[in-house]
Amino acid sequence: MAGGTALIGHVEDVVDLCLTVKALRAAPPLRTAGWDQVHEVPVVSRGGRLAVPEMGDGGDVGAGAPMPNLAIAGKGRYRLRVHVRIGEAGEEHLVVVFPGASRKRLKLKS
């Protein structure tokens, strides 16, 4: 995590994982049930854009399809809440982005 960049890795050695990304205008209620880990960190959008990069030619990292701009309130400070679970279907991540001024890094469930 470095200001305007966040790297979210996988927990297990997996080839594919399910990634769901949501951008909200306000902080959602904290929901940890059904998730193995939930962490929240600050991120800054200096240019009014936050995005998940598309998968490059190597196919190692990135989204398999274009994703929308997650900085829905424009330039400023946001919170990035990452949920992770590992089950029969593999590894799943839910990333929720919302405006927030806090600079704290939180382990909400680990």
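Strands in this talk are DSSP runs of E, at least two residues in length, numbered from the N terminus. Colleagues, the model before you is predicted. With that convention, Arg-49 falls in the loop that runs between strand 2 (37-45) and strand 3 (76-87).

Let me remain with that loop for a moment. Arg-49 has a relative accessibility of 49% and therefore counts as partly exposed, a class that ends at 50%. Leaving aside residues up to four places away in sequence, Arg-49 is in contact with Met-67, Asn-69 and Ala-71. Ala-71 is 22 residues from Arg-49 in sequence, yet their C-alpha atoms are 5.2 Å apart.

Ser-45, in strand 2, offers a contrast in exposure. Its relative accessible area is 2%, so Ser-45 is buried. The Ser-45 side chain reaches the backbone nitrogen of Gly-48 at 3.0 Å. Beyond four places in sequence, the residues that Ser-45 touches include Leu-50, Ala-71 and Tyr-78.

Those three names return in the nonpolar interior. The largest nonpolar core comprises 11 residues, among them Leu-50, Ala-71, Tyr-78, Val-41 and Val-95. Strand 2, strand 3 and strand 4 (90-99) each supply two or more of its residues, and strand 3 provides the largest share, four. A second core, separate from this one, has five residues, including Trp-35, Val-38, Val-96 and Phe-98.

I turn now to charge. Side chains of opposite charge can pair when their charged atoms come close. How many salt bridges does the structure hold? There are three.

In one of them, Arg-79 pairs with Glu-40, with 2.9 Å between the closest N and O atoms. This bridge joins strand 3, where Arg-79 lies, to strand 2, where Glu-40 lies, across 39 residues of sequence. Glu-40 also meets Arg-81 in a salt bridge, at 2.6 Å from N to O. That pair again links strand 2 with strand 3, the two residues being 41 apart.

Are these partners buried or exposed? Arg-79 and Glu-40 are both buried; for Glu-40 the relative accessibility is 6%. Arg-81 is likewise buried, because its relative accessible area of 7% is under 20%.

The remaining bridge connects Glu-92 and Arg-85, with closest N and O atoms 3.4 Å apart. Glu-92 is partly exposed at 25%, and Arg-85 is partly exposed at 27%. Through shared partners, Glu-40, Arg-79 and Arg-81 form one salt-bridge network.

Finally, the aromatic residues. The count of aromatic pairs is zero. Arg-85, however, lies over the face of Trp-35, 3.9 Å from the ring centre.

Terms used
Residues numbered from 1 in each chain as written. Predicted model: local features only at pLDDT ≥ 70, side-chain atom pairs only at ≥ 80, totals over all residues. Heavy atoms only, no water. Buried < 20%, exposed > 50% of the residue type's maximum accessible area, 1.4 Å probe, protein only. Contact = heavy atoms within 4.5 Å. Core = buried A, V, L, I, M, F, W, Y, C linked by side-chain atoms within 4.5 Å. Phe/Tyr/Trp six-rings, centres within 6.5 Å; stacked < 30°, edge-to-face > 60°. Lys NZ or Arg CZ within 6 Å of the ring centre and 35° of its normal. Polar contact = N/O pair within 3.5 Å; in protein donor to acceptor, adjacent residues only side chain to side chain. Salt bridge = Lys/Arg side-chain N within 4 Å of Asp/Glu carboxyl O.
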